[in-house]
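Reader: I am a first-year student. Please take one part of this structure and go through it closely.

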Amino acid sequence: MRVVAIINPISGAGCRDRLGELFRAMAAAGWRVDRWVTRRAGQAGPWARRAAAGRADAALAVGGDGTVCEIAGGLAGTDCPMLIWPVGTENLVAKSLGFRADPEHTLATVRAGNRSVIDLGTANGRSFVVVAGVGFDAEVVERLTRLRVGHITHLTYAGPLWRTFWEHRWPDLEVTADTPEGPRAWRGRGMVFVGNMSRYSLGLQVVRDAVPDDGLLDVVAMGCRNHLQLIGHSLRTLARRHIKHPDVWHARVTRVRIAAQRKVPVEIDGEFAGHLPLDIAVQPRALHLLIPAT
């Protein structure tokens, strides 16, 4: 058994103290563990591709959502499975799939060998596992990125979230999509989410009905012009009753384009990813995973 651990040394602040314990346990089991430590953004993806080409039995992503997405993109289309040791702040992907930063949990996952194959999304050429967001949430992430110095916590989001709540100007968005039933479109002021999995920040199921292995992505567009409507959408999302609301447009798509007449930020799996326009497509059954038994 050969495991390649691709490690982002600046992602997150915790859950690293037991990583050495994991590597020692793997070595004691007779497994070969290669530890590759990234030095810059964008390095993890090519290294994952290299691990797959070198016939690694698994690639272990040690990092937050940005690192995980890079590695997922590098492994896309190969049969090398990924597993995750989450050390980021939100860890959307790891929580959605059931991974924990625990040596016994990770060892049991590898030993069990339970494989799953899921879809990936591609947004402007960048892979994502969970969700891409346009509008309000992306502006929060953009503000956080500009302010970020070192590790962040959930508390770090408070300032950007508060400022965005009061200063956000709802953009007029144009959404055009290809669905199995034909083309569809939506236009309005608000925010848009394109999901491969249902879970979002803080466990909210914004893209409630998304299924990661159905060959489709789910689009949820929320019409919104003011604070009252935003609060209403938030409460209905907490109750998982938002999809059927008259101000919400939902479609299952193979491809979607989102555009605007002004500069509108984009986030991909919790990472700032530039501005519109955004072209998104599904990659069916692109990523192999070793998944926890739970």
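What follows is one request and one connected answer.

Reader: Start with helices α6 and α7. At roughly what angle do their axes cross, and which residues make the contact?

Author: This is a predicted model, where local features need pLDDT of at least 70 and side-chain atom pairs pLDDT 80 or more, while totals for chains, interfaces and linings use all residues. Residues are numbered from 1 along each chain as its sequence is written, and side-chain values use heavy atoms, without hydrogens or water.

Now the pair. Helix α6 covers residues 136–147, and helix α7 covers residues 158–167. (Helices are DSSP runs of H or I with at least four residues; strands are runs of E with at least two; both are numbered from the N terminus.) The axes of α6 and α7 come within 9 Å. They cross at roughly 130°. (Axes are lines fitted to C-alpha atoms over the stretch in contact, and angles run from 0 to 180 degrees between N-to-C directions.) Therefore α6 and α7 are oblique to each other. (Under 35 degrees is roughly parallel, over 145 roughly antiparallel, 65 to 115 roughly perpendicular, and the rest oblique.) The crossing of α6 with α7 is right-handed. (That is, the near helix is turned clockwise from the far one by less than a right angle; anticlockwise is left-handed.)

Which residues meet? From α6 come Phe136, Glu139, Val140, Arg143, Leu144 and Leu147. From α7 come Pro160, Leu161, Arg163, Thr164, Phe165 and Glu167. (Contact means heavy atoms within 4.5 Å.) Sorted by class, the contact of α6 with α7 has 7 nonpolar, 1 polar and 4 charged residues. (Ala, Val, Leu, Ile, Met, Phe, Trp, Tyr, Cys and Pro are nonpolar; Asp, Glu, Lys and Arg are charged; the others, including Gly, are polar.)

One residue of this contact, Phe165 of α7, leads to another helix. The C-alpha atoms of phenylalanine 165 and leucine 238 are 18 Å apart, with their positions 73 residues apart along the chain. Leucine 238 belongs to helix α8, residues 227–238. Leucine 238 is exposed, at 60% relative accessible area. (Exposed is over 50%, buried under 20%, partly exposed in between, with a 1.4 Å probe and protein chains only.)

Set two other pairs beside this one. Take helix α1 (residues 19–28) and helix α5 (residues 103–112). Their axes come within 9 Å and cross at roughly 40°. So α1 and α5 are oblique to each other. The crossing of α1 with α5 is right-handed. On the α1 side are Glu21, Leu22, Ala25 and Met26. On the α5 side are Pro103, Glu104, Thr106, Leu107 and Val110. The classes in the contact of α1 with α5 are 6 nonpolar, 1 polar and 2 charged.

Next come helix α2 (residues 44–53) and helix α3 (residues 65–75). The axes of α2 and α3 come within 7 Å and cross at roughly 40°. So α2 and α3 are oblique to each other. Helix α2 passes α3 in a right-handed crossing. In α2, the residues that meet α3 are Ala44, Gly45, Ala48, Arg49 and Ala52. Their partners in α3 are Thr67, Glu70, Ile71, Gly73, Gly74 and Leu75. The contact of α2 with α3 holds 5 nonpolar, 4 polar and 2 charged residues.

Stay with α2 and move into the loop between α2 and β3 (58–63), where arginine 55 sits. Arginine 55 is not a glycine, but has a positive phi of about 60°. Most residues other than glycine have a negative phi, and most peptide bonds are trans. Arginine 55 is exposed, with 72% relative accessible area.

Asparagine 124 also has a positive phi, near 50°. The loop between β5 (115–123) and β6 (126–128) holds asparagine 124. Asparagine 124 is partly exposed, at 45% relative accessibility.

For the peptide bond, look at leucine 276 and proline 277. A cis bond joins them, with omega about 10°. Proline 277 is in the loop between β14 (271–275) and β15 (278–290).

One more loop lies between β9 (182–195) and β10 (217–223), and serine 198 is in it. Serine 198 is buried, at 18% relative accessibility. Leaving out residues up to four places away in sequence, serine 198 touches Leu204, Gln205, Val206, Val207, Arg208 and Ala210.
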